[in-house]
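I opened this notebook to record what I looked up, entry by entry, in one protein–DNA model. The order follows my own reading.

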Amino acid sequence: MHTIPTGKISDFQTKLLTWFYLHGRQFPWRETQLNPYQAIIAEVLLQRTKAETVAKMYLDFLYQYPDWQSILSTPIEQLEESFKPIGLYRQRASGLKRLAAAMASHQFELPSEQAALAALPLFGQYILNAITLVVLQKPAPLLDVNMARLLERYFGERKLADIRYDPYLQELAHIVVASPNSLELNWAMLDFAALICKAGKPRCELCMLQADCVFFQKIY
DNA sequence: CTCCCGCAGG
DNA sequence: CCTGCTGGAG
């Protein structure tokens, strides 16, 4: 990747954190320290689904399915019914079933090795980073389409179409969240991308980053 | 790269 | 009507 000035990154971090403490969103999965099961459920529910939509059923889902055993003992058809209101119900149900089975063979403990973690069902690029950040409490980027859009608008466009295989975006995201405030920085980027740096109609007039934003400089 | 899914918002 | 949403698997 081409070099990104250190000053531009620290300015980006500082402004986003300040914005987050004023305008960040509140969600039930952000309020308490989640155990691995709860964190995985949150990520499964959030895949390709608006956080506001998930917020309406997250606690109800955890109440009905409090642990891996409850997933194992529930017929797949019933699990699908629980997922139907938010879509992608067959993938979520089968994925969670397969992960629950894998967890059972690991005595319901998350593998400590990164490679073993990545080999688990459902553990793609995003969920692996999410668990590293939320459960293991180590810096890692929640690099979804929203964070990718924010990063490439501000720092410059990526080369590859798929964010999951773009080394420039991956490295940039890791650098930005390499901070003691990694969790808050991640949430700040997700919230800012969802509310201000939106996909369709970005609210550039409300943005405190426009002076150094590649996207803003290009269109204005 | 494509499909999966329903809902919210425009 | 159409677009986009804290992706993963085939």
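The entries below go from the domains to the helix packing and then to the two DNA strands.

**Entry 1, domains.** I began by noting that this is a predicted model, and I then looked up how chain A is divided. The assignment gives domain 1, made of 6-26 + 140-219, and domain 2, which covers 36-135. Taken over C-alpha atoms, the centres of domain 1 and domain 2 are separated by 26 Å. I also looked up the contact between these domains, to which domain 1 gives 14 residues and domain 2 gives 10 residues.

**Entry 2, H10 against H12.** I turned next to helix H10 (residues 145-155) and its packing on helix H12 (residues 182-195), where the angle is about 85° and the axes are 8 Å apart. Because angles from 65 to 115 degrees count as roughly perpendicular, I entered H10 as roughly perpendicular to H12. On the H10 side I listed Asn 146, Met 147, Arg 149, Leu 150 and Leu 151, and these meet Asn 186, Met 189, Leu 190, Phe 192, Ala 193 and Ala 194 of H12. Sorted by class, the residues of this contact of H10 with H12 are 8 nonpolar, 2 polar and 1 charged.

**Entry 3, H10 against H11.** I then looked up helix H11 (residues 167-176), which packs with H10 at an angle of about 90°, the axes being 11 Å apart. That angle makes H10 roughly perpendicular to H11. The residues that meet are Met 147, Ala 148, Leu 151 and Phe 155 from H10 and Tyr 168, Leu 169, Leu 172, Ala 173 and Val 176 from H11. Which classes are present here? I found 9 nonpolar residues in the contact of H10 with H11, with no polar and no charged ones. Comparing the two lists, I noted that Met 147 and Leu 151 of H10 meet residues of H12 and also meet residues of H11.

**Entry 4, DNA strand C.** For DNA strand C I found 25 surrounding residues, of which the closest are Trp 29, Arg 48, Ala 51, Tyr 126 and Arg 164. Of the strand C atoms that come within 4 Å of the protein, sugar and phosphate account for 60%. H10 returns in this entry, since helix H2 (36-46), helix H9 (125-134) and H10 each supply at least two residues of the surface near DNA strand C. By class I recorded 11 nonpolar, 5 polar and 9 charged residues in that surface.

I then went through individual atom pairs on strand C. An N or O atom in the side chain of Glu 43 is 3.1 Å from a base oxygen, a backbone N or O atom of Leu 122 lies 2.7 Å from a phosphate oxygen, and an N or O atom in the side chain of Asp 144 is 3.0 Å from a sugar or linking oxygen.

**Entry 5, DNA strand B.** Around DNA strand B I listed Lys 50, Lys 56, Lys 84, Pro 85, Ile 86, Gly 87, Leu 88, Tyr 89, Arg 90, Gln 91 and Ala 161. Sugar and phosphate make up 74% of the strand B atoms that come within 4 Å of the protein. The surface near DNA strand B has 5 nonpolar, 2 polar and 4 charged residues.

Which part of strand B lies 2.3 Å from an N or O atom in the side chain of Gln 91? I found a phosphate oxygen there. For Lys 50, an N or O atom of the side chain is 3.4 Å from a base nitrogen of strand B, while a backbone N or O atom of Gly 87 lies 3.5 Å from a sugar or linking oxygen of that strand.

Note on methods: Residues numbered from 1 in each chain as written. Chains lettered and ligands numbered in written order. Predicted model: local features only at pLDDT ≥ 70, side-chain atom pairs only at ≥ 80, totals over all residues. Heavy atoms only, no water. Axes fitted to C-alpha atoms, helices over the stretch in contact; angles between N-to-C directions. Helix = DSSP H or I, 4+ residues; strand = E, 2+ residues; numbered from the N terminus. Parallel < 35°, antiparallel > 145°, perpendicular 65-115°, else oblique. Contact = heavy atoms within 4.5 Å. Nonpolar A, V, L, I, M, F, W, Y, C, P; charged D, E, K, R; others polar. Near = heavy atom within 4 Å. Polar contact = N/O pair within 3.5 Å; in protein donor to acceptor, adjacent residues only side chain to side chain. Domains from an automatic or database assignment.
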